[in-house]
Structure formats: structure tokens, C-alpha cells
Amino acid sequence: MSATTETTAEKASTAAEKTAAEKTETATAETPETTDNLELTPAAAPRSPARRLLPIVLAALLVASAVAVALLGWGAYSESRAQRTQDAALAAARDNATQVLSYNSTTLDADLARSRGLISGGFAAKFEELASSVIVPAVRQQSLSTKATVVRAAVIDAQSDQVRALLFVNQTTTVAGQPAPHNATNQVRVTMTWTNGKWLISDMQPL
């Protein structure tokens with residue numbers, strides 16, 4: 001081989017080695033830049049289970065709160081309605097008992113007729129028996145008059161259509177020929193039943 005050929009081969013080998021070295025340096029220089037770019041663009045983090053459940057929990061709490069408010073409202077309404085029922089029945093018990101236990105010798109027939117309109121059920125038959133066997137004879141023969149006044153009243157127990165009440169009744173009885181009236185205080189248990197749109201006495205028991 002000639003000297004010229006060897007020199008040319010050496011130059012070609014040197015140039016190839018230089019080109020390979022430059023490519024290696026270029027690749028080495030570009031690698032950190034590529035790595036930096038990847039670090040600057042992180043993948044989106046997945047939502048945690050707690051974050052996914054949060055809307056469901058909030059919705060459940062809202063529903064539970066609404067139900068609680070509705071139940072409280074209904075409870076208050078029911079309690080108020082029950083109280084109104086008891087108050088109405090107790091007021092009727094006062095008025096009706098006052099009428100049934102009061103009678104006057106001069107207005108006896110009218111008194112008994114008003115009393116019949118305030119009673120119902122089994123007590124109606126008992127009242128008729130009491131009126132015919134006791135009240136009418138006593139009033140007619142002795143010119144007797146009795147005035148009843150309910151001084152205290154309380155509910156014993158109550159249902160939607162029936163209420164039992166305890167009444168404390170003062171009765172003042174006047175008999176012809178006797179200068180001083182006779183006063184008595186009695187306890188009476190009255191059962192009020194909702195009948196035909198009003199509260200009527202369905203039972204009355206002295207205690």
C-alpha cells in the first residue's frame with residue numbers, strides 16, 4: 001500500500017471517529033432537556049375515593065335533614081290537633097254537665113229537653129230512667145231546683161273521637177219551705193263522644 005493511500009484512510013477514520021463523538025455529545029446534551037420536559041408535564045392525578053363520595057354524602061345529608069324537618073312539622077301538627085280536640089271535648093263536658101245536672105221546678109220540661117240534646121249512646125237510656133224515677137217526682141213534689149257549676153275539670157284520657165274527663169261540680173239545691181239552700185261538691189267522671197259533628201255525653205258516673 002502506498003503512503004498516499006494510508007494517509008487517506010487515516011484521515012477517513014479520524015473523521016468518522018470525530019463524527020461519532022459529536023453525535024454522542026449531542027445525544028448526551030439532549031437527554032437532560034428531554035427529561036426536564038417530561039418532568040414539567042406530569043400526568044393528571046386520579047381523584048381519591050373520598051372526593052368521589054363527597055357529593056353523595058352531601059346529598060344524603062340534605063335528604064335526611066328534609067325528612068327530619070318534615071317529621072318534626074308533622075309531629076307538631078299532630079300534637080296541636082290532639083290538644084285542640086281535648087280542649088273542645090273538655091269545654092263541651094263542662095257545658096253539657098252543667099245543663100244535665102241543673103233543673104228548675106218552673107222550667108223542668110224545657111230543662112229536660114235541652115239535656116236530651118246533649119247526651120247519646122247508653123247514657124240516654126239511663127238519663128230517661130233517672131229523670132222519670134227521681135228527678136221529675138222530686139222537683140214536682142218539693143218544688144225543688146238545682147243549679148250546677150263545674151269548678152274544675154281535667155282530661156283523664158283521650159282518643160280522636162272519645163275523651164274521658166273528671167269534673168268537680170258544685171250543686172246548690174233549693175227546696176220550697178226551707179230557708180237555706182243545700183250545697184254539695186261532687187266528683188263526676190264524664191265520657192264525651194264525637195257524635196253527628198259535636199261532643200255529647202255518652203256516660204256519666206259519680207265518684
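These legends walk through several close-up views of a predicted model.

**Figure 1. The whole protein, with its helices and strands in order.** Welcome to the predicted model, a protein of 207 residues. Four helices and four strands make up its set of elements. Starting at the N terminus, you meet them in the order α-α-α-α-β-β-β-β. Buried residues account for 22% of the 207 residues. The accessible surface amounts to about 14100 Å², and 59% of that surface belongs to carbon and sulfur atoms. How are the contacts spread along the chain? Among those between residues at least 6 apart in sequence, 54% join residues at least 24 apart.

**Figure 2. The largest pocket and the residues around it.** This view turns to the largest pocket, whose volume is about 410 Å³. Its lining is made of 18 residues, and those nearest the centre are Leu 101, Tyr 103, Leu 130, Gln 171 and Met 204. Helix 4 (122-142), strand 3 (182-195) and strand 4 (198-206) are the elements that each give two or more residues to this lining. Which element supplies the largest share of the lining of the largest pocket? That is helix 4, with seven residues. By residue type, the lining of the largest pocket holds 14 nonpolar residues, three polar ones and one charged one.

**Figure 3. Strand 3 and strand 4 side by side.** Here are two strands that run antiparallel, with eight bridges joining strand 3 to strand 4. To follow one of these pairings, find Arg 189, whose bridge partner in strand 4 is Gln 205. The two strands form a hairpin with two residues between them. Look in that loop for Asn 196, which has a positive phi of about 55 degrees although it is not a glycine. Is Asn 196 buried or exposed? Asn 196 is exposed, because its relative accessible area is 76%, and the cut-off for exposed is over 50%.

**Figure 4. Ala 184 and its contacts.** Staying with strand 3, this view picks out Ala 184. Setting aside neighbours within four places in sequence, Ala 184 is in contact with Val 169, Asn 170 and Gln 171. Gln 171 also appears among the residues nearest the centre of the largest pocket. Ala 148 is 36 residues away from Ala 184 in sequence, and their C-alpha atoms are 9.5 Å apart in space. With a relative accessible area of 24%, Ala 184 counts as partly exposed.

**Figure 5. Arg 94 in helix 2.** Arg 94 belongs to helix 2, which covers residues 49-100. Which residues does Arg 94 contact, once neighbours within four places in sequence are left aside? They are Val 150, Val 151, Arg 152 and Ala 153. Arg 152 lies 58 residues from Arg 94 along the chain, yet 8.8 Å separates their C-alpha atoms. Arg 94 is partly exposed, its relative accessible area being 29%.

**Figure 6. Ser 143 in the loop after helix 4.** The last stop is the loop between helix 4 and strand 1 (145-158), where you will find Ser 143. Ser 143 is not a glycine, although its phi is positive, at about 50 degrees. Its relative accessible area is 38%. Ser 143 is therefore partly exposed, since that class lies between the 20% and 50% cut-offs.

Key: Residues numbered from 1 in each chain as written. Predicted model: local features only at pLDDT ≥ 70, side-chain atom pairs only at ≥ 80, totals over all residues. Heavy atoms only, no water. 1 Å grid on protein atoms, 1.4 Å probe; cavity = no way out; pocket = protein on both sides within 12 Å on 5 of 7 lines; lining within 4 Å. Points joined across faces, edges and corners; volume = space filled by probe spheres on them. Nonpolar A, V, L, I, M, F, W, Y, C, P; charged D, E, K, R; others polar. Buried < 20%, exposed > 50% of the residue type's maximum accessible area, 1.4 Å probe, protein only. Contact = heavy atoms within 4.5 Å. Areas by Shrake-Rupley, 256 points an atom, 1.4 Å probe, with all protein chains shown as cover. Pairing = 2+ DSSP bridges.
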